[in-house]
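Biologist: Please put the chain and its model on the screen. I would like to go through the fold, the domains and a few side-chain contacts.

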Amino acid sequence: MSTGTTDNAARRLHIFDTTLRDGEQSPGCSMNLKEKLLVAEQLEGLKVDVIEAGFAVASPGDFESVRAIARAVKTASVASLSRALSKDIDVAWDAIRDAKRPRIHTFIATSPLHMQYKLRMTPDAVFEQAVKMVQYARNLCPEVQFSLEDSTRSELDFVYRVVEGVIRAGATVVNIPDTVGYAMPEQFGAFIAGIFAHVPNIRKARIAIHCHNDLGLAVANTLAAIRAGADQAECTINGIGERAGNAALEEVVMGLRTRPDFFPGVSCAVDTTRLYNASRSVVAATGSRVQANKAIVGENAFAHEAGIHQHGMMAHSGTYEIMTPESIGLPKNRMVLGKHSGRHAFETRLTELGFAFSDAAVQLLFAQFKDLADRKKVVSDADLEAMARQIQGQSVPERIKLDRFIVNSGNTITATSTVRLLKNGILVEHVAIGDGPIDASFKAIEQMLELDLKLESFSLGAVTGGEDAQGEATIKVRCGERLYNGRGLSTDIVEASIRALLDAVNVLLQERESSAGKSPCLSGESVPKVSP
Ligand code: KIV
Ligand code: ZN
């Protein structure tokens with residue numbers, strides 16, 4: 001199955017996306033079920049070959065989301081991560097068994113450091129366990145992927161021995177992760193070439209690579225390994241992932257597409273015109289923004305500021321652009337709408353931006369758009385997109401709505417906020433003081449609803465430039481063991497923040513109701529997390 005060649009023979013590179021597993025594992029990137037399903041839908045639209053949906057044994061919540069994704073995905077393989085333990089493999093299999101193409105992804109560390117200090121196992125015991133668990137998984141599932149964790153700090157001969165052993169045991173894919181982002185591109189390419197040269201049964205499996213970005217080299221290492229013959233690249237959207245992240249899918253794919261001279265005959269199935277949308281969906285789902293100068297999907301990736309560049313671009317776009325904005329799905333003609341725009345123009349633009357909503361949702365969005373157009377001179381694509389994603393991300397009905405708020409603050413007084421909410425059709429109001437108007441408003445809401453919340457993270461950003469820009473607030477609050485995400489939009493930053501908190505609180509209240517009066521903080525997911 002493996003090619004291990006760099007010649008011109010046609011070579012189909014498989015893209016394995018781990019945004020929902022390694023990506024979700026990174027601090028500040030947790031997603032709820034609805035958000036994970038939206039991301040999975042984007043990944044299918046992109047045409048990735050494999051979606052790693054999570055680590056099923058980590059918690060009951062992770063199990064449920066892996067199972068829901070496995071049931072929802074129509075064409076891609078759906079993988080669950082699993083330690084090389086039969087009890088973990090059983091849970092992984094249970095979660096993915098309904099997928100059209102289930103894949104068990106099991107792993108064990110092979111570096112002396114990990115074997116001695118983390119696993120407390122001898123190399124022989126690790127080898128035996130790897131082989132035994134691949135055989136065990138193959139008895140359940142036709143697609144079994146095995147990863148040699150920390151392989152770039154492992155002894156070469158041991159890597160060859162384990163790769164050969166797990167392929168003999170039935171692994172259909174063998175993954176060589178640079179777990180701690182230690183490799184250098186030339187060295188990693190040679191490492192992969194060495195595996196092709198020294199493992200006799202190597203062509204019976206697909207060889208994958210999985211690179212972390214601790215030295216900022218994840219994409220460079222991934223591309224070097226593809227040149228050396230790797231058949232599967234593991235990546236995440238926007239490069240999110242443990243610590244400094246994983247190889248960014250959009251960078252790897254656009255690297256291949258822009259420099260075919262470096263990757264003769266290599267192709268992948270990804271529809272690059274959906275990269276921009278996929279990136280925006282992951283930002284919306286995780287609340288983790290992309291830096292402005294991020295390659296491919298950053299705000300400035302296709303902006304030309306310097307006069308000399310603008311002049312060149314007007315003469316010929318190739319002067320300063322090595323790829324077109326359209327190739328990643330960035331609409332060329334950014335359209336602006338205003339208060340005189342009708343529903344038809346509004347709906348058409350939503351469709352052009354890649355959204356499909358029910359009539360009722362369009363009606364709601366149109367009302368919000370009119371309200372915004374009254375406050376802002378022009379409503380841009382970015383504004384529309386932020387509003388649409390806000391609706392898309394709402395997973396539960398709004399039991400609690402903001403009716404009004406009044407804040408009183410300044411540098412010489414204690415901030416006070418009076419918040420009035422519509423709670424199940426009844427108006428309730430409370431006043432609280434705090435460290436600034438946002439804190440006072442949050443306290444008023446918490447006290448009024450008798451909630452004990454811990455603010456885990458909070459960020460505010462502007463959707464567009466300009467004085468009348470909409471503020472977008474993203475929040476994560478903890479209630480016991482459970483984490484709730486919320487987003488809020490408004491041209492007023494205090495209002496955006498209150499809306500973000502209420503977005504999270506509505507999910508919490510829904511859970512409280514479905515757990516029949518029990519505190520949502522004591523619901524199923526309070527089991528301690530297991531991580532790889
Ligand atoms: O980085 C890593 O080694 C991993 C494995 C579990 C594949 O994420
Ligand atoms: Zn990883």
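Modeller: A charge sits over a ring if NZ of Lys or CZ of Arg is within 6 Å of the ring centre and within 35 degrees of the ring normal. The model here is predicted.

Biologist: Over which ring does the charged end of Arg161 sit?

Modeller: The cut-off for the distance to the ring centre is 6 Å. The charged end of Arg161 lies 4.2 Å from the centre of the ring in question. That ring belongs to Phe127.

Biologist: Which residues form one aromatic cluster?

Modeller: Rings pair if their centres lie within 6.5 Å. By this rule there are 7 aromatic pairs. The residues joined in one aromatic cluster are Phe346, Phe366 and Phe369.

Biologist: Which domains does the assignment give for the chain?

Modeller: The bounds come from an automatic or database domain assignment. It places domain 1 at 11-286, domain 2 at 331-393 and domain 3 at 400-514.

Biologist: In what order do the 8 strands close into a barrel?

Modeller: The pairing in this barrel is parallel. From one strand to the next the twist averages 25°. One of the pairings is that of β3 (residues 50-54) with β4 (residues 77-83), joined by 4 bridges, and there Gly54 stands opposite Ser80. The order is β2-β3-β4-β5-β6-β7-β8-β9.

Biologist: At about what angle to β6 does helix α7 run?

Modeller: Angles are taken between N-to-C directions and run from 0 to 180 degrees. Helix α5 (residues 112-119) lies across β5 (102-109) and β6 (143-149), at about 85° to β5. Helix α7 (residues 156-169) lies across β6 and β7 (173-178), and its angle to β6 is about 165°.

Biologist: Which residues of domain 1 lose the most area to domain 2?

Modeller: The C-alpha centres of domain 1 and domain 2 are 37 Å apart, and the contact takes 7 residues from domain 1 and 7 residues from domain 2. About 610 Å² is buried between domain 1 and domain 2, with 40% of this area from carbon and sulfur atoms. On the domain 1 side, 53% of the buried area comes from three residues together: Leu38, Tyr276 and Asn277.

Biologist: Which are the edge strands of the open sheet?

Modeller: The open sheet has 3 strands in the order β11-β12-β13, with antiparallel pairing. An edge strand here pairs on one side only, and that holds for β11 (400-410) and β13 (426-434).

Biologist: How many residues lie between β11 and β12 in their hairpin?

Modeller: β11 and β12 (residues 413-423) pair in the antiparallel sense over 9 bridges. Among the bridge partners, Ile406 is matched with Thr418 and Val407 with Ser417. Between β11 and β12 the hairpin has 2 residues.

Biologist: Which helix touches β11, β12 and β13?

Modeller: Helix α17 (residues 493-514) lies across β11 and β12, at about 140° to β11. The helix that packs on the sheet and touches β11, β12 and β13 covers residues 437-449, and its direction makes about 130° with that of β13. This helix is α16.

Terms used: Residues numbered from 1 in each chain as written. Chains lettered and ligands numbered in written order. Predicted model: local features only at pLDDT ≥ 70, side-chain atom pairs only at ≥ 80, totals over all residues. Heavy atoms only, no water. Phe/Tyr/Trp six-rings, centres within 6.5 Å; stacked < 30°, edge-to-face > 60°. Pairing = 2+ DSSP bridges. Contact = heavy atoms within 4.5 Å. Buried area = accessible area lost by both parts, 1.4 Å probe.
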